[in-house]
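Reader: Hello! I am new to this structure and would like a close look at the salt bridges. Please take them one by one, and then show me the surroundings.

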Amino acid sequence: AGSSSSAPPAVPELKGFAPPYTVSGRSALIPDPPWFYSGDLLTVEYRTDVEKVRALLPDDVELAEEDPGAVAFIWADWQSCSTGGAELLDPARSQYKETFAVVRCRYEDVTYSRCVLIWVTTDFAIARGLHQGYPKKLGSIHQTRPMPYGQGAPRIEAGGRFGATLAAYDHRLAQAVITLTEPSSSNGFVNALPMLHHRQVRPIERGAEGWALDEVLTMSGVGFEHGQAWKAEAALDLFDSPWDDLASTLPVREVISGYYLQVGTSWDGGTTLAHR
């Protein structure tokens, strides 16, 4: 008797920019870039101990030459989306907040900004951060929102007062109050450069040393738009908890200034500077 055979069914390709990968790709935690952002930034710049900044930098990164102990502590109230903007019609997928600490540093004779600590409120923001080299953790974040009408919100004008708080694991880690004083030509100087990050993953084998993935990256936003920046009087308090050592890691020694700025930007990839 003759025999017949048929080719096995084709295995469908799994899709998605990041896990989980499925046939449709719809379950991926984050979509393909570019990612678009619109939001309000509340910033307090201050000085800490220079040795505290040095302790957070990898061996191949140096302190900034000018004002090396300067830190920008930033709250951001974001709305974001991918191409087509579908997330904007499902606000749980587009709205989130983050609080982060930025210092400046030098790598191969170029000065960069570097995010050394960061908390966010959603899982998709954490996933984007892992891809970009940001050290993101979950947190509870709130900040005063400006509104154009009524007495229930401040205006973005002289005398406008804004507060912001950060907590993680039910412990308060940071609080700030700023009072807008005058228009400013900038939003500060610490978070004003391309970012330098290290993307690192530990080996899966127990006891193995070093890193399975160890890259030096740089990136910056594109298509940056912004409103009028405002300078502000500022007060900032940082705290430690059993699970975060924020105040010990970057203690406030001198407040430089506060700032408020509404921005729009997008992210569409970075550049690998080194495989270590």
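Author: Let's begin with a word that will come up often: a residue is buried under 20% relative accessible area, exposed over 50%, and partly exposed in between (1.4 Å probe, protein chains only). Please keep in mind that this is a predicted model, where local features need pLDDT of at least 70 and side-chain atom pairs count only at pLDDT 80 or more, while totals for chains, interfaces and linings use all residues. Residues are numbered from 1 along each chain as its sequence is written, and side-chain values use heavy atoms, leaving out hydrogens and water.

First, a little orientation. The protein chain has 3 helices and 15 strands, taken as DSSP runs numbered from the N terminus (helices are H or I, at least four residues; strands are E, at least two). Its C-alpha trace spans about 95 × 50 × 35 Å along the principal axes. Of its 276 residues, 46% count as buried.

Now to your salt bridges. Side chains of opposite charge can pair when their charged atoms come close. Here there are 11 salt bridges, each a side-chain nitrogen of Lys or Arg within 4 Å of a carboxyl oxygen of Asp or Glu.

In one of them, the side chain of R253 meets that of D49 at 2.9 Å, N to O. R253 sits in the loop between α3 (246-249) and β14, and D49 in the loop between β1 and α1 (50-55), so this pair ties together parts that are 204 residues apart in sequence. The two partners have different surroundings: D49 counts as buried because its relative accessibility is 18%, while R253, at 54%, counts as exposed.

Another salt bridge joins the side chains of R106 and D109, at 3.7 Å, N to O. In this pair R106 is the buried partner, at 12% relative accessibility, and D109 is exposed, at 64%.

A third one to look at is the salt bridge of D244 with K137, where the closest N and O atoms are 2.7 Å apart. D244 belongs to the loop between β13 (229-238) and α3, whereas K137 is in strand β6 (residues 136-138), so parts that are 107 residues apart in sequence are tied together. D244 is buried, with a relative accessible area of 6%, and K137 is partly exposed, at 30%. Salt bridges can also share partners, and in this way R47, D67 and E254 are joined into one network.

Charged side chains meet rings here as well. A charge sits over a ring if NZ of Lys or CZ of Arg is within 6 Å of the ring centre and within 35 degrees of the ring normal. R202 lies over the face of W211, at 3.8 Å from the ring centre. The charged end of K136 is placed over the ring of Y134, 5.5 Å from its centre.

Rings pair with each other too. Rings of Phe, Tyr and Trp (its six-membered ring) pair if their centres lie within 6.5 Å; planes under 30 degrees apart count as stacked, over 60 as edge-to-face and the rest as tilted. That rule gives 6 aromatic pairs. For W35 and W267, the ring centres are 5.0 Å apart and the planes are at 20 degrees, so the pair is stacked. This pair links distant parts of the chain, 232 residues apart, with W35 in strand β1 and W267 in strand β14 (residues 254-267). W35 counts as buried, at 0% relative accessibility, and W267 is buried at 7%. Y96 and F124 have ring centres 5.6 Å apart and planes at 80 degrees, so they are edge-to-face. Since Y96 lies in strand β4 (residues 95-107) and F124 in helix α2 (residues 123-132), the pair ties together parts that are 28 residues apart in sequence. Both Y96 and F124 are buried. Back at W35 and W267, ring pairs also bring in F17, making a cluster of F17, W35 and W267.

Let's finish in strand β1 (residues 35-47), which also holds T43. T43 counts as buried because its relative accessibility is 1%. Leaving aside residues up to four places away in sequence, T43 touches A72, F73, I74, N187, S257, G258 and Y259; contact means heavy atoms within 4.5 Å. For the whole protein chain, among contacts between residues at least 6 apart in sequence, 67% join residues at least 24 apart.
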